[in-house]
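Colleague: Could you take me through one part of this model in detail? I'd like to look at a single strand and whatever pairs with it.

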Amino acid sequence: MTAPQSAAVTSAQSQYRTPIDALWGYTVGWWRNDVADGVEHGKVLQKIAAESSLTPRYIFMICMSAGIAILGLLLSSPAVVIGAMLLSPLMGPILGAGFALAEGKFTWLRLCAKALFWGTLVAVLFCALIVWLSPLQTVTEEIASRTRPSLFDLLVALFSALAGSYAMIRGREGTIVGVAIATALMPPLAVVGFGLATWNWTVFGGALMLFVTNLLTIALSAFVMARLYGFKSTRSSRQGMFESVGILITFIALAIPLGFSLVQIANESNGQRIVRNTIEDAFDPQSRIDTLEIDWDADPVLITASVLTPEFRANANTYLGRSLARALDEEVSVRIDQFRVGTDPGAAEQAALAQARAREQAEATERQIAALGERLALVAGVERSAVLVDRDNRRAVAQANALEGLTLSGYRELERRLAAQAPGWSVELRPPLLPLPDITVGEDGLDADNALRLALVGWAASRTGVRAVLTGGEEAIDTAVAGLGDDARFVETRISGEGNSIVTAWSAPGSDTIP
């Protein structure tokens, strides 16, 4: 080793007290010189700023993403929800806020906050409007999964934000698609809108907590990545230290409640496993648990299950109540429904499949009934509670309010359309007492137009329960009664004159109504 080389090594070694210090120094130097210096800061900031501003395109894409998200959640369709994630432009202003904070550009930060505020508000209100107009307002599995944020959600947002920031910095924006799917900013907002529209504050609060968790985690993670790649302001190191401490405190503040939520979810999952194993051990090995529901919030804890078994077990509720109380160390209430199946191999599985299909069909039927009730209430101009739905007789009835410009024929057409959408159901839309059409009987009897008028009179009388009075010549009245067929029992006739015109009117107030 020459004298100059020896001097250089000695000089380098003298900079670090320990090998760890030397490794740290070399790592920092490598990062700054070989990684961070290769980033074109100006282009990156320009690119992020273009994606984080409030523009008509931004609001339009927010509405489209929100609409797709809430429809996917109502239909419980993960594929549709993923499509909403791909369209959502919310990632732009959140990443922009992180980079603006790192650069100390508070004007840009305010613009990002403005875009984020209006985007969030528009998304929530748009989703709430769709839910309010929708006949489907039940909490689906996709909705419920976004109402209980945990520490895992924070970690998902953290990793997604780091990947997204890296993609923007290194010019690999294609990765942002995967980040959008993982972070899922729009679905929680859509659930917030669902909770607002249905006045379900448990759903509203849980989804809002998940969105805020994702938002803050992405913004702060983007700030950290920006600093690592050399994006920094001209402020003092003391101010930078305060920022770092603030970020650490924020992450801890988010992690604590989410950690408690994760522990609760883990405890409930472990408890469900204990319950399932205890029930399986209490029955024949060929038995199968078809459904299992546990209400942890009930006092005592309510456990309901249905078991497909080749052999009934006497006093199963009492036995399992004592066993589960010992296993869970708390009071429980157990209700087990036992269904006998054959002893052949696979008999329980076949029975479970049949019951699953029956449940699916029952759920589909309930959704159809709910949709029919909502549609009938909408066209009648009344509240859903005013619609009578008779499941046993498959009959739906509503008393319509008077709507401006709508005639009796309009109400009848609305009823016909509703009935066509609900095959197998009897749909009755009872119209208000609007004027009845007069009828003219020609020499050859009723033409097509007057036959329709006569049928409308019979329909209106049968729906309202108020008799229609037909006044005219004897021959004309006889022709009209014959044309009414079974509906003739809903009208009253009066002979007057010899003409071929029939005047129709509702019976006088106080007259007997149709029994």
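Modeller: Quick bit of vocabulary before we dig in: a crossover is called right-handed if, with the strands pointing away from you, the path from the first strand over the helix to the second runs clockwise. Keep in mind that this is a predicted model.

Let's pick strand β8, residues 468–472. Four of its five residues are buried, so β8 is largely enclosed by the rest of the structure. The cut-off behind that word is under 20% relative accessible area.

Now for the neighbours. On the parallel side there's β9, residues 491–495, joined to β8 by five bridges. If you want a spot to zoom in on, find Gly472, which sits opposite Ile495 of β9. And here's where that bit of vocabulary comes in: β8, then helix α18 (residues 474–484), then β9 form a β-α-β unit, and that unit is right-handed.

β8 also pairs with β10, which covers residues 501–506. That pairing is antiparallel, again with five bridges. Two places let you follow it by eye: Val469 faces Ala505 of β10, and Leu470 has Thr504 of β10 as its bridge partner.

While you're on β10, have a look at where its side chains go. As a rule, side chains in a regular strand alternate between the two faces of the sheet. β10 shows this alternation: Ile502, Thr504 and Trp506 point to one face and are buried. Ser501, Val503 and Ala505 point to the other face and are not buried. Put that together with the pairing and you'll see that Leu470 is partnered with Thr504, a residue from the buried set, whereas Val469 stands opposite Ala505, which belongs to the set that isn't buried.

β10 has a further partner to check as well. Strand β7, just residues 439–440, is linked to β10 by two bridges and runs antiparallel to it. There, Thr440 has Ser501 as its bridge partner.

So, back to your strand, here's the picture to take to the viewer: β8 with β9 parallel to it, β10 antiparallel to it, and β7 joined in turn to β10.

Definitions and conventions:
Residues are numbered from 1 along each chain as its sequence is written. This is a predicted model: local features need pLDDT of at least 70, side-chain atom pairs count only at pLDDT 80 or more; totals for chains, interfaces and linings use all residues. Side-chain values use heavy atoms; hydrogens and water are left out. Buried means under 20% relative accessible area, exposed over 50%, partly exposed in between (1.4 Å probe, protein chains only). Two strands pair if DSSP finds at least two bridges between them.
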